[in-house]
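Please look over the sequence and the model shown below before reading on. The report that follows takes up a few parts of the structure in turn.

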Amino acid sequence: MTDTIHRFSNAADDQSPLDIVPVAGRIGAEIRNVRLSGDLDAATLGAVRAALLRHKVIFFRGQHDLTDQEHEAFAALLGDPVAHPTVPVVEGSRYLLELDSKEGEAASSWHTDVTFVEAYPKASILRALTIPEAGGDTLWANGVTAYEELTEPLRALVDGLWAVHTNKYDYAGTFGSKDSKRAEAYSKIFASTVYETEHPVVRVHPETGERSLLLGHFVKQFVGLTSADSQRIFAILQDHITKPENTVRWRWQVGDVAIWDNRATQHRAIADFGLQRRTLRRATVAGDVPVSIDGRRSRTVKQESAEVTDA
C-alpha cells in the first residue's frame, strides 16, 4: 500500500485492477472503463465486489447498453435478486422496482432499503433512465465511519440497543407528495402487508466484520424505551450518521448506475427538481439476517395484512 491509503479512509486500493476514483473522503468511488452486463468476467466481478465493500457505494457512468434484462442478469452475479416485498415490479421484469417521480416526489428521507424485514437486501443496483436537467441528486452515508466516531458513552449505549423497524409510516411526509390521494394510494400498496422487525442498532458486517449503525426512516421505536425517549435518541444518532463528513453526493446522468452496500449505508434522494421527470430502476440482492455484537439475530415481530391491522 502507498501512503495515499493512510491519508483518507476512502482512498482507492492500489492493488485493484480497476480504474477507481474516490468521490468523497469517507464513502463513494467512481469506477471507470467497465461495462456492466450479465456476462461480466470473473476477475472484473471480483474486483467490483471488493471495491463495493471498501467504498460502500460505487458509481459507473455511461451504462447505456444495460437493458432491464441485463440489469437483472448483472444483479444475479452479485447474489440472488429479490423483488420488493410489497410494491409490484416493472412490467416484463422479474425483480426491478421503478422509482418514477412526479411533481418533486422522491424518497427524500434517510433510509436503508427494506429494513422492515429480517433479511433485508445486502445490495441495491440503481440505474438512471430519465434525469432532471438540474436537481434530483442522491446522497449516501457511511454507517461504519459513523459508528467508529462515536464517543465512548454513546458507543456503550448503542452497542446493546435494538430498534423496531416498520413499513407503516407517513408516506406523504417522507416522499414529499403534494397529491394526498396519490400518496394514500401508494401507501396502501407499500404497507399492504405490515411488517415490524427488531434489528440491532449496531450490525456486524458479515463479510468485513465492521460495525455499522443501522437506523433510517423505517425505525419506529427503540426496544425498551418510550416513544419520546426514542425520538430524542434517534435524532442524535441519525444526525451523527448523516453529517456531511460521512456522506457522498452523486449528480446523476442518464445511463449511470450506482451500487451500494445496503448493510453499511443509508441514502436519500434530494427532492429539489420541481416538475421535472426523474425515473430510475432498482434491482436488489437478497441479504442475510443481521447479527448484533453479542451474536443475537434480528427477528420479525409482526407480519400481517393491512386489512387485519386496520380492523
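## The two sides of helix α8

In this predicted model, the face of helix α8 that is turned away from its buried side carries Gln-231, Arg-232 and Asp-239, which are exposed. The helix itself runs over residues 227-241, and its 15 residues reach 21 Å from the first C-alpha to the last, close to the 21 Å expected at 1.5 Å a residue.

The buried residues of α8 are Ser-230, Ile-233, Leu-237, Gln-238, His-240 and Ile-241. They lie on the same side of α8 because they cover an arc of only 150° around the axis. An α-helix has 3.6 residues a turn, so residues three or four places apart point the same way. Among the elements that cover the buried residues of α8 are the strands β7 (138-142), β11 (211-213), β12 and β15 (265-269), together with the helices α4 (143-148) and α5 (152-158).

## A sheet of four strands

Strand β12, which helps to cover the buried residues of α8, also belongs to an open sheet of four strands, whose order is β12-β8-β9-β17 and whose pairing is antiparallel. At the edges of this sheet stand β12 (219-222) and β17 (299-305), each of which pairs on one side only. From one strand to the next, the twist averages 20°.

Between β8, which spans residues 162-166, and β12 there are three bridges, and the two strands run antiparallel. Ala-163 stands opposite Phe-222 in β12.

## The surroundings of Thr-279

Thr-279 has its place in strand β16, which covers residues 278-285. Is this residue buried or exposed? Its relative accessibility is 7%, and because buried means under 20%, Thr-279 counts as buried.

When residues up to four places away in sequence are not counted, Thr-279 touches Glu-98, Leu-99 and Asp-100, and also Arg-127, Ala-128, Leu-129 and Thr-130. Ser-101 lies 178 residues from Thr-279 along the chain, yet the C-alpha atoms of these two residues are separated by 6.2 Å.

## Confidence in the model

The chain averages a pLDDT of 90, and 86% of the residues score at least 70. Over residues 1-6, however, pLDDT stays under 50, and for this stretch the model has nine contacts beyond four places in sequence. Where pLDDT is low, the predicted coordinates should not be read in detail.

Definitions and conventions. Residues numbered from 1 in each chain as written. Predicted model: local features only at pLDDT ≥ 70, side-chain atom pairs only at ≥ 80, totals over all residues. Heavy atoms only, no water. Pairing = 2+ DSSP bridges. Axes fitted to C-alpha atoms, helices over the stretch in contact; angles between N-to-C directions. Expected span 1.5 Å × (residues − 1). Buried < 20%, exposed > 50% of the residue type's maximum accessible area, 1.4 Å probe, protein only. Arc of directions from axis to C-beta. Contact = heavy atoms within 4.5 Å. pLDDT = per-residue confidence, 0-100.
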